[in-house]
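Welcome! Here is a short briefing to read alongside the model, starting with its pocket and then turning to its sheet.

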Amino acid sequence: MNKSTMMENIYHQLRDQGYKDLSRQDVIMAVGLILDHCAHALAEAERIEIRDFGVFTLHIIAARAGRNPKTGKSVDVPEKRTVHFKPGTAMRVQVNQNKGRF
C-alpha cells in the first residue's frame, strides 16, 4: 500500500462511517500532518509509540572504518541514523492470523 492508497481508503472508511462533511482534501491534509509530525519527532530522536500498532525509534550507527572492496583501501564510514520499528502485540497477532492468505 502506498500513501495515496492509504489516504483514499481512510477517506472512504470515514464516509462509510457517516462523516459526510469531510472532504478528500481534509483527509489528505490530516494524514500528511501526522506523517510529517512523526518524521520531525524521529529527526529529534524522540520515540513514537502508537498503542496496538508499534513503536518507532531512532537507531544511531556509529562511525567506523570500512574497506573499499575493489581496492582494499581503508575508508571512513560516517555515522548514520536509521529508523527501527517494533510492531505491537495486536499487530503481530493480526498479521499472524492472516498469514495463510498469500
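A pocket is sought on a 1 Å grid over the protein atoms alone, as an open set of points where a 1.4 Å probe fits, with protein on both sides within 12 Å along at least five of seven lines. Its volume is the space filled by probe spheres set on the points, which are joined across faces, edges and corners. This is a predicted model, where local features need pLDDT of at least 70 and side-chain atom pairs pLDDT 80 or more, while totals for chains, interfaces and linings use all residues. Residues are numbered from 1 along each chain as its sequence is written, and side-chain values use heavy atoms, without hydrogens and water.

**The largest pocket**
- The largest pocket has a volume of about 270 Å³.
- Among its lining residues (an atom within 4 Å of a point) are Met 6, Val 31, Cys 38 and Phe 53.
- Two or more lining residues come from each of α1 (3–16) and α2 (24–43); helices are DSSP runs of H or I, at least four residues long.
- With six residues, α2 gives the most to this lining.
- The lining has eleven nonpolar residues, no polar and no charged ones; nonpolar covers Ala, Val, Leu, Ile, Met, Phe, Trp, Tyr, Cys and Pro, charged covers Asp, Glu, Lys and Arg, and the others, including Gly, are polar.

**The sheet**
- Three strands (DSSP runs of E, at least two residues) make an open antiparallel sheet in the order β1-β2-β5; strands pair if DSSP finds at least two bridges between them.
- β1 (48–50) and β5 (80–87) each have a single partner strand, so one side of each lacks a neighbour in the sheet.
- β1 pairs with β2 (residues 54–61) over three bridges, and Ile 48 stands opposite Phe 56 in β2.
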